[in-house]
Each structure stands twice: as structure tokens, then as C-alpha cells.
Amino acid sequence: MDRFETDYLITGAGASGLAFADTLLDETDAHITLVDRRDKAGGHWNDAYPFVRLHQPSSFYGVSSLNLGRGSIDKSGLNKGYEELASGQEVANYFHTVMRDRLLQSGRVRFLPMSEHLGNGEVRQLLSNKTTQIDVRHRFVDARLLENGIPLTHQKKFHVATGVACIPPNFLTQQAHLHDHFTILGAGKTAMDSVLWLLESGADPNQIRWVVPRDPWMINRAFTQPSGAFYHESFGGTMRQMEAVKDAVSVDDLADRMEAANLWMRLDPSVRPTIMHGPTVSMAELERLREVKDIFRMGHVETIEPDTLRLAGGVCSSKPGSLYIDCTARALGHTNTWPIFDGDKIVLQMIRLYQPTFSTALIAKIETSFDSEKAKNALAIPVPMTDTVQTWLVSQIANTTNQVVWSQHPEIKAWIASCRLDGFGRAAREVDRNDPEVQAVFNRIKEVSMPAFVNMKKLATL
């Protein structure tokens with residue numbers, strides 16, 4: 001058995017593991033080893049469907065040391081007027097570059113592809129079964145919790161009868177021309193992407209049936225724009241969000257107030273959404289999604305037969321020959337959390353909601369800046385993935401607590417201000433703080449933040 005030493009052994013070379021390694025490389029002289037079952041770095045992006053794009057701006061995704069994209073504003077398409085969204089292939093190539101030109105060229109990083117960590121530093125090569133013992137001087141880092149479930153590799157939870165065509169969206173671009181009807185399964189961002197690809201590729205809305213198990217709340221993409229030009233959408237949106245939380249008397253009332261503030265949106269104004277997974281869409285995308293009228297809301301699919309679709313809430317006829325597109329994989333599926341710093345282990349999780357790469361980069365900074373495990377965990381309260389508006393509130397409590405604690409540590413505050421992955425501080429730095437309208441937003445945020453936080457905790461227990 002081969003044997004070597006390393007300071008940090010990271011299991012998982014996807015986006016989160018790479019963001020952690022990138023910051024660790026800057027902040028220390030440590031030796032880092034990454035292990036991944038795939039043959040390339042980049043995690044699920046290597047298996048993404050061809051029309052996937054980021055749904056938040058490229059400018060604050062990836063690793064801290066390397067820009068993703070050009071920082072341009074889209075001049076056409078459904079994202080017109082907003083910062084560019086990298087394609088799946090662009091993101092995959094970006095992470096390949098991070099590994100090849102940034103990490104490996106440092107001379108302090110080793111990458112073991114097509115390998116799995118069996119535990120306690122023992123790594124098995126998947127092709128040869130050869131094992132290597134890695135002696136870890138500092139920490140084992142588990143980056144697998146933030147790995148996305150993806151349509152191509154997930155295990156279906158429903159039965160597909162013989163003769164029914166059911167594919168992941170990875171094959172939609174190749175097979176769509178062979179069919180004249182399409183049934184989209186799922187209500188998440190992948191399903192939305194599939195509907196939009198069909199419509200933008202020329203399909204008539206009447207050719208599409210959409211099985212929506214639970215209607216989702218969607219985030220208005222205007223709220224996520226990071227530049228000063230969108231200050232009144234981003235910081236103004238934060239102000240309106242705090243006001244909505246402060247004034248809400250129930251969870252449903254909160255959602256209604258978020259919608260009235262143009263922060264959240266729904267597919268059908270007459271149907272109340274029941275899930276909140278954080279998909280981000282533009283108004284132009286929402287308008288196109290609303291063109292599809294054949295929507296079934298009878299729960300999750302259980303069985304697909306040639307002429308029948310069996311759902312948890314009932315049975316309906318299906319169009320013979322329809323192409324079923326399986327979009328039922330859950331992206332970030334975990335809603336439980338664990339201590340991030342735990343003895344000789346670090347379990348990477350979100351510490352800012354819906355921002356996994358920022359979170360893991362900051363976790364690396366916290367790891368290198370503080371000595372005690374207690375101090376580190378106080379700065380890194382895990383933020384669970386959301387499922388409903390109620391769990392969104394729970395996650396926002398942890399999210400807000402972290403933000404307050406970070407602001408009290410000058411070193412952490414300065415690092416966040418200089419980190420390209422922080423998509424929320426840039427707008428404040430790019431505006432004139434003496435502008436009366438800018439000052440009014442800042443002052444209002446300060447005024448309502450504490451009452452909002454108090455009511456947030458109350459609503460979370462209802």
C-alpha cells in the first residue's frame with residue numbers, strides 16, 4: 001500500500017470543495033489533497049444537462065481567486081438587462097481550469113480522481129482497487145453534503161412501464177424533434193429550465209404538460225444583482241424583505257408580503273405555493289412559464305403507463321407517445337445540519353443561504369484565522385437548505401446571526417469585503433453613500449433589522 005502525508009484531505013472536488021481549497025491555499029502554506037469519484041474536478045457540473053445555466057449571476061459563483069465570466073449585462077434573451085449567467089459547460093470548464101492552473105500549479109495540491117475515501121485516510125482507486133493510506137496532519141474535510149442531486153444520475157422514485165419514453169433533460173436536445181408532446185415531471189429549477197428550453201426552441205405551449213407536485217415560490221432575479229446599478233433592487237429589496245418580516249402576522253402573510261414587495265413570485269396567481277427551494281427567475285422567464293396551461297397538481301408521480309399517469313393524489317390519462325422529462329432530482333437535499341468544525345473533521349455546509357461556494361470559502365478563512373473549535377463554530381452556524389416558507393425563516397435566523405457575528409470581527413469583515421464571492425457587499429461599495437436616497441435605504445435597514453429579527457423568530461415557531 002502506498003502512503004503519503006497531507007495537511008487537509010478533502011472528499012469531494014465539486015464547487016464547494018474547490019472553493020474551500022482555493023481559500024485555504026491563499027491563507028496557509030498547507031498541503032491539500034482532494035479525492036473525487038469523478039474523473040475531473042467540478043462535481044455535478046460535469047453531468048449537467050446542456051441548456052442549464054446558473055440562475056444567479058456568474059460574478060459571485062466559483063472560487064474566490066478566479067473570475068467566472070466577463071461581468072457583462074445580457075443584451076438579449078430572457079435574462080436581458082441582468083448580469084450574465086454562465087452555461088453549464090462554461091462552469092465545468094471553469095472548474096477544470098481552477099484545478100489545472102490554480103490548484104495543481106501551486107505544487108501544494110494533489111488530486112486523486114476516480115477514487116473514493118473509505119475513511120481514516122484510506123483511499124481506493126476505483127479502476128484498479130489499489131488503496132493508498134493518507135496520513136492527515138490537520139483535518140478531514142467532507143464536501144459531499146453540498147453535492148447536488150442531478151437528473152442524469154439520481155435514482156427515480158417512480159415506475160416507468162415498458163414502452164414509455166422517460167429521459168433526463170440531458171437527452172432532451174437530442175430527442176425532442178422525435179416527439180410532438182412533452183410531459184415535464186417536477187417543479188424545481190430543472191423543470192423550469194426544461195419548459196423554457198422547449199418554448200424557446202419553438203414548441204407550442206399546448207404541446208407541453210407540466211406535472212407540478214407542489215407549487216414553488218420563486219425569487220425575483222432583480223433582487224440578486226450585485227452591482228451598484230441595482231442598489232435599489234438589492235439593498236432596497238433587503239429593506240423590503242425586512243419590512244415584510246417585521247410586519248407579518250403569519251407565515252402565509254409573510255409570503256404574501258414578499259410577493260407584494262416584488263421579491264417572490266408564483267407560477268399561478270390563483271394557487272398558493274407550498275415549497276421554497278430558492279429558484280431564481282426573471283420576470284421574462286416567469287411570463288413564458290405561465291404560457292403552459294396544461295398543469296397537473298396531484299402530487300408526485302408514482303407510475304407512468306402508456307395511457308395513464310398515476311400520481312400520489314389521483315390518476316389521469318396521458319397522451320400516448322408523450323416524451324417524459326424527469327426533473328424530479330432534488331438539488332441540495334439536506335435540511336439537517338451538523339457542527340461544521342468537529343474534532344479532526346470539517347463538514348462543509350452553507351453558512352449563507354443559497355450561497356454554497358461563498359460559504360465554503362469563508363469556512364476556510366475561519367479555519368485559518370481562529371484557534372479554538374468553539375470560536376470557529378460560533379462564526380459558522382450551519383444554514384440548512386429550505387423546503388417551505390417556515391424552514392426559510394429558520395434558515396434566515398441562522399443566516400442573520402452569522403452576518404451579525406461576522407461584522408464584529410474586523411479580519412472576517414475585511415475578507416468578505418475583498419471576496420468576489422460576496423454578491424451582496426459590492427452594491428454598497430459602488431454607490432455614493434452621501435446620496436439621500438441611498439442613505440434612506442441604509443437607515444431604514446438599520447431601523448427595521450432588529451424588529452424583523454425578533455418577529456422572524458416568532459414566525460418560525462408558528
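# A walk through the model, starting at Ser194

Select Ser194 and bring up its surroundings: leaving aside neighbours within four places in sequence, Ser194 is in contact with Phe51, Pro169, Leu172, Ile184, Ile325 and Cys327. Keep in mind as you click around that this is a predicted model. Colour helix α4, residues 189–200, and you'll see that Ser194 sits in it. Is Ser194 buried or exposed? With a relative accessible area of 0%, Ser194 is buried.

**Along α4**

Stay in this helix and show the side chains of Lys189 and Asp193. They meet in a salt bridge, 2.7 Å from N to O. Why can these two reach each other along the helix? Lys189 and Asp193 are four residues apart in α4, so about one helical turn separates them. Side chains of opposite charge can pair when their charged atoms come close. Now check the surface around the pair. Lys189 has a relative accessibility of 17%, and since buried means under 20%, Lys189 counts as buried. Asp193 is buried too, at 9%.

**A network to pick out next**

Select Asp252, Asp256, Glu259, Arg266 and Arg272 together: salt bridges with shared partners join these residues into one network. Across the whole structure there are 37 salt bridges, and two others are worth a stop.

For one of them, show Arg3 and Asp135, whose side chains meet in a salt bridge at 2.8 Å, N to O. This pair links distant parts of the chain: Arg3 belongs to strand β1 (residues 2–11) and Asp135 to strand β6 (residues 131–142), with the two positions 132 residues apart in sequence. Turn on the surface here. Arg3 counts as exposed at 58% relative accessibility, whereas Asp135 is partly exposed at 24%.

Then jump to Arg38 and Asp47. These two form a salt bridge as well, with the closest N and O atoms 2.9 Å apart. Arg38 counts as buried, at 16% relative accessibility.

**Helix α6, end to end**

Select residues 251–260 for α6. Which residues of this helix are buried? Val251, Asp253, Leu254, Ala255 and Met258 are. To see what these buried residues pack against, colour β11 (217–220), α5 (231–247), β12 (264–266), α10 (389–407) and α13 (436–459).

Now zoom in on the start of α6. There, a side-chain oxygen of Ser250 comes to within 3.0 Å of the backbone nitrogen of Asp253. Slide along to the other side and pick Asn262, which follows α6 and has a positive phi, near 65°.

**Two helices crossing**

Hide the rest and show α8 (residues 356–369) with α11 (residues 410–418). They pack at an angle of about 145°, and their axes are 11 Å apart. The crossing of α8 past α11 is right-handed. For the side chains involved, select Phe358, Ala361, Leu362, Lys365, Ile366 and Ser369 on α8, which meet Glu411, Ile412, Trp415 and Ile416 on α11. Colour this contact by residue type and it divides into seven nonpolar, one polar and two charged residues.

**The loop between β2 and α2**

Next, go to the loop between β2 (32–35) and α2 (88–103), and pick Gln56. Where does its side chain make a polar contact? Draw a line from the Gln56 side chain to the side chain of Gln355: that polar contact is 2.8 Å. Show what else Gln56 touches and you should get Leu85, Thr224, Thr280 and Tyr354 alongside Gln355, once residues up to four places away in sequence are left out. Gln56 is buried, with a relative accessible area of 15%.

Your final pick is Ser65, also found in the loop between β2 and α2. Ser65 is partly exposed, with a relative accessible area of 37%. Its side chain makes a polar contact with the side chain of Asp22, at 2.5 Å. Not counting residues up to four places away in sequence, Ser65 touches Asp22, Asp26 and Arg102. Finish with a distance on that last residue: Ser65 and Arg102 are 37 residues apart in sequence, and their C-alpha atoms are 8.6 Å apart in space.

Key. Residues numbered from 1 in each chain as written. Predicted model: local features only at pLDDT ≥ 70, side-chain atom pairs only at ≥ 80, totals over all residues. Heavy atoms only, no water. Buried < 20%, exposed > 50% of the residue type's maximum accessible area, 1.4 Å probe, protein only. Polar contact = N/O pair within 3.5 Å; in protein donor to acceptor, adjacent residues only side chain to side chain. Contact = heavy atoms within 4.5 Å. Salt bridge = Lys/Arg side-chain N within 4 Å of Asp/Glu carboxyl O. Axes fitted to C-alpha atoms, helices over the stretch in contact; angles between N-to-C directions. Left-handed = near helix turned anticlockwise from the far one by under 90°. Nonpolar A, V, L, I, M, F, W, Y, C, P; charged D, E, K, R; others polar.
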